[in-house]
Amino acid sequence: MERGILLYGPPASGKDTVTSVLAGLDRRYVPFTRLKIGTGRTHGYRMASRRELEQLEARGEVVYRNDRYGNTYVVDRTGLREATSAGQVPVVHLGQVTGVRAVADGFTAQWCRVLLWCRRETTEQRSIGRGDVDTSARLEAWDATERDVADNPGMEWDLLVHTDDLSPQEAAERIHAMVSRAG
């Protein structure tokens, strides 16, 4: 059975960094490249048009869609099928509990659900440090993520990682150990 990792957490909680370290630990870990419809940063996304999104939705290929920062982000079946091919383990970044549930329920795989967490002040410092021009929007998203977690007390996480307290290497090693046990 295909396997994957669902990384959930507020902005700047370490999703990109931990994913990079995971890929260094084991080449089977691959970052899932979501579709993005909109403007701004293109690195790390497969860019698509509104028309392409409409076509995917009409074919039932959209597993999860969310709108944030004036853009639309999509987890699609085709992308997940490609990412799980040949024994690869996609690492899917999500910012909503609804997204974690939608992907886990909407695409058959053995999913490990990981909550990465950091303090709000850490998100602010990391956002400024990496040159984000929309740090205030990232902090609003942090607040929304905190509410999302509070509003979903029944959400089961396979692992909770406080990235304020662990290095990216330590966080990745914990995730890798969990995936190895589950596989």
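In this predicted model, Asn66 lies within strand β5, which spans residues 62-68. Its relative accessibility is 9%, and Asn66 therefore counts as buried, the cut-off for that class being under 20% relative accessible area. When neighbours within four places in sequence are set aside, the residues in contact with Asn66 are Arg34, Asn71, Thr72, Tyr73 and Gln96. Two of these partners, Thr72 and Tyr73, lead to further residues described below.

Thr72 leads to Arg50. Arg50 belongs to helix α2, which covers residues 50-58. With a relative accessibility of 42%, Arg50 counts as partly exposed, because that class lies between the limit for buried residues, under 20%, and the limit for exposed ones, over 50%. Along the chain Arg50 and Thr72 are 22 residues apart, and their C-alpha atoms are separated by 9.1 Å. Thr72 is also one of the residues in contact with Arg50, the others being Ile37 and Arg65 once neighbours within four places in sequence are left aside. Thr72 is thus listed among the contacts of Asn66 and among those of Arg50.

Tyr73 leads to Tyr45. Tyr45 sits in the loop that connects β3 (35-37) with β4 (46-47). A relative accessible area of 18% makes Tyr45 buried, since the class requires a value under 20%. Beyond residues up to four places away in sequence, Tyr45 touches Thr33, Arg34, Lys36 and Tyr73. Arg34 and Tyr73 also appear among the contacts of Asn66. The C-alpha atoms of Tyr45 and Leu35 are 5.7 Å apart in space, while the two residues are 10 apart in sequence.

Another loop, between β1 (3-8) and α1, holds Ala12. Ala12 has 9% relative accessibility and so counts as buried. Not counting residues up to four places away in sequence, Ala12 touches Cys118, Thr123, Arg126, Ser127 and Arg130. Leu139 is 127 residues from Ala12 along the chain, yet the C-alpha atoms of the two are separated by 9.7 Å.

The helix that follows this loop, α1, takes part in a helix pair. In general, two packed helices are described by the angle between their axes and the distance between the axes. For α1 (residues 15-25) and α7 (residues 168-182), the axes come within 9 Å and cross at roughly 60°. The crossing of α1 and α7 is right-handed. On the α1 side the contact is made by Thr17, Val18, Val21, Leu22 and Leu25, and on the α7 side by Pro168, Gln169, Ala171, Ala172, Glu173, Ile175 and His176. By character, the residues of this contact divide into eight nonpolar, three polar and one charged.

The chain as a whole gives the setting for these local features. The protein chain has seven helices and nine strands. Its C-alpha atoms fill a box of roughly 45 × 40 × 30 Å along the principal axes. A compact globule of 183 residues would have a radius of gyration near 16 Å, and the value for the protein chain, 16 Å, agrees with this. Of the 183 residues, 48% are buried. The accessible surface of the chain comes to about 9300 Å², and carbon and sulfur atoms account for 46% of this area. Among contacts between residues at least 6 apart in sequence, 72% join residues at least 24 apart.

Notes
Residues numbered from 1 in each chain as written. Predicted model: local features only at pLDDT ≥ 70, side-chain atom pairs only at ≥ 80, totals over all residues. Heavy atoms only, no water. Axes fitted to C-alpha atoms, helices over the stretch in contact; angles between N-to-C directions. Helix = DSSP H or I, 4+ residues; strand = E, 2+ residues; numbered from the N terminus. Left-handed = near helix turned anticlockwise from the far one by under 90°. Contact = heavy atoms within 4.5 Å. Nonpolar A, V, L, I, M, F, W, Y, C, P; charged D, E, K, R; others polar. Rg over C-alpha atoms; globule rule 2.2 N^0.38 Å. Buried < 20%, exposed > 50% of the residue type's maximum accessible area, 1.4 Å probe, protein only. Areas by Shrake-Rupley, 256 points an atom, 1.4 Å probe, with all protein chains shown as cover.
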